[in-house]
Amino acid sequence: MPPVSYRIAALPGDEAQAPRLDRREALQFTRIRMLGATGAVLMAISALGVGAQPVHQNPVSGVRVMGLFARTPTSVLAMCMIGTVAVILAWLLLGRFAVGGTGFAPAHRISRSQLDRTLLLWVIPLVIAPPMFSNDVYSYLAQSEIARRGMDPYVVGPATGLGLGNVLTNNVPNIWRETPAPYGPLFLWIGRGIAEITGDNIVFGVWSHRLLELGGMALIVWALPRLARRCGVAPVSALWLGAANPLVLFHLIAGVHNDTLMLGLMLAGLECCLRALACDTGDQRRSSLPLDWHSWALLGFGTTLITLAAMVKIPAFVALGFVGMALARRWGTRIGPVIRAATGLGAIAAVTTLVVCWGSGLGFGWIYTLGTANAVRSWMSVPTALGIITGFGGVLLGLGDHTTAVLSLTRPLAMAAAVLFVLRMLVATWTGRLHAIGALGLSIGAVVLLSSVVQPWYLLWAIVPLAAWATTSRFLVPAVSFSVVVGVVVMPRGAEFGVFQIVEAVCAVVLVSVLFIVLTRNALPWQYRPREHSTIAKAVPADLICPPRRARD
């Protein structure tokens, strides 16, 4: 059967095996690690002045030395941007030893332990620092406090439920003070437990949510290499793009977003389901055998994890469709297996959803607040951008501003197109033309781009799973370029600065970056030297892609 399309079929590819770093490269790797750690420390220090600090209970407010950063915003902004660029440059240089160059495999590749330690070194300063790039964590605290007080966070907003004089309400951005919570009941259930412990203490509340996101990060680091082996991708390559990505460090860890928990649960559940189905063994006889009790238990556990991810943010439900298609393909290529797989997985998901909704006492009000974020007009959303451009064109032509009317047309059409694309990917998974991991990443990417609101970190919903499947430059170049551009453009406070402040900070960043590259032109691998492909072996042996059951268990 022909592939879905030439462009999509060309995205995956087996990666080449490479030896470990030699002495010179090991020294360069140590310098790269220190460069990223230095950038993370600069960002953590500058967050004392330009981070998304709380309005009340600011622990550095009034402190002589630490409070100095808040009084010199332009200099501190330049420091933060220099640190941001340092982390991004270190990440790009680290890619030399993880994925190589454009169209070339790396001559030598770092080990998994080296990448894990590097990631930990870069994450620690951002965990200690105040929130950056977003104020969403303060909305989490306010909505969780509403649930703790016995009110429905899907009906009342922070201003109504807590009052304008409440310390938690004062830290919520004005646009979200009157809106109900748009998150799933599992997240607010956990948040209610955090509110029981921390109360109105904002600092402890922020750190508690940071610990929660670190748990999601641990699940990503656990699941992503295992998913990569199933697709013939080197685990280090997948972790470099999916876990060490600057957008993950800046927006999921430093920004304290619950997307980390959603991604971690979804990927862990997907790995459990694919392991239960044994769909990557290459053994046709084993793949045709009925599932034993251990496989059924693992499949049910994975389905439960994916459903729990959807109880944090609803898009994770898309992963269940591809697990169902992988199960149906194991049973046959007729419509009957599809119906049986959908019924079985749907029953597990329904029971899990009922337990979470009723157990938390929050009910199903989250269904009616999924469109809360539509109040924001995101420039990254394709239908929203088309509506705004069309409305602006009407104003220029003297026809009036019809932006709202155009958006009411483009947004439903875009969602219909996204549904059709997801259906196409489901069929491709069922017929075996695409791997379930790759089809899932492509589908979530289409859903994100065609949705009404797109935040910069939403693209990670697609980039992280695709990091375990797509290895060619057709995917890596756009993914890396997007990560770099968004990582530099988004301001550290999640708000606007003065034009003169941004210009002065950018000039300082350009000057420092150019000077640093010139001084380290011989110490760091700025110029990539590809190796010959004739000596390349396969990246992942067949026994590592899907080891025997005893080894996997």
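Me: What makes Ile-220, Leu-252, Leu-460, Trp-461 and Val-464 count as contacts of Leu-263?

Reply: In this predicted model, contact means heavy atoms within 4.5 Å. Leaving aside neighbours within four places in sequence, Leu-263 is in contact with those five residues, so each of them has heavy atoms within 4.5 Å of Leu-263.

Me: Good. And why is Leu-263 called part of a nonpolar core?

Reply: A core here is a set of buried nonpolar residues joined through side-chain atoms within 4.5 Å. Leu-263 is a member of the largest such set, which has 163 residues. Together with Leu-241 and Leu-299, Leu-263 touches the most other members. Helix α3 supplies the largest share of this core, 14 residues.

Me: How do you know that helix α9 is largely enclosed?

Reply: Buried means under 20% relative accessible area. For α9, residues 235–242, 8 of the 8 residues are buried, so the rest of the structure largely encloses this helix. Among them are Trp-240 and Leu-241. The buried residues of α9 pack against α3, α4, α8, α10, α19 and α20.

Me: What makes the largest cavity a cavity and not a pocket?

Reply: In a cavity a 1.4 Å probe fits but cannot get out, whereas a pocket is open. The search found 3 cavities of 30 Å³ or more, and the largest has a volume of about 70 Å³.

Me: And how many residues of its lining are nonpolar, polar or charged?

Reply: The lining divides into 9 nonpolar, 2 polar and no charged residues. Gly counts as polar, so Gly-487 belongs with the polar ones. Helix α3 gives the most to this lining, with 4 residues.

Definitions and conventions. Residues are numbered from 1 along each chain as its sequence is written. This is a predicted model: local features need pLDDT of at least 70, side-chain atom pairs count only at pLDDT 80 or more; totals for chains, interfaces and linings use all residues. Side-chain values use heavy atoms; hydrogens and water are left out. On a 1 Å grid over the protein atoms alone, a cavity is a set of points where a 1.4 Å probe fits but cannot get out, and a pocket is an open set with protein on both sides within 12 Å along at least five of seven lines; lining residues have an atom within 4 Å of a point. Grid points are joined across faces, edges and corners, and a volume is the space filled by probe spheres set on the points. Helices (H or I, at least four residues) and strands (E, at least two) are DSSP runs, numbered from the N terminus. Buried means under 20% relative accessible area, exposed over 50%, partly exposed in between (1.4 Å probe, protein chains only).
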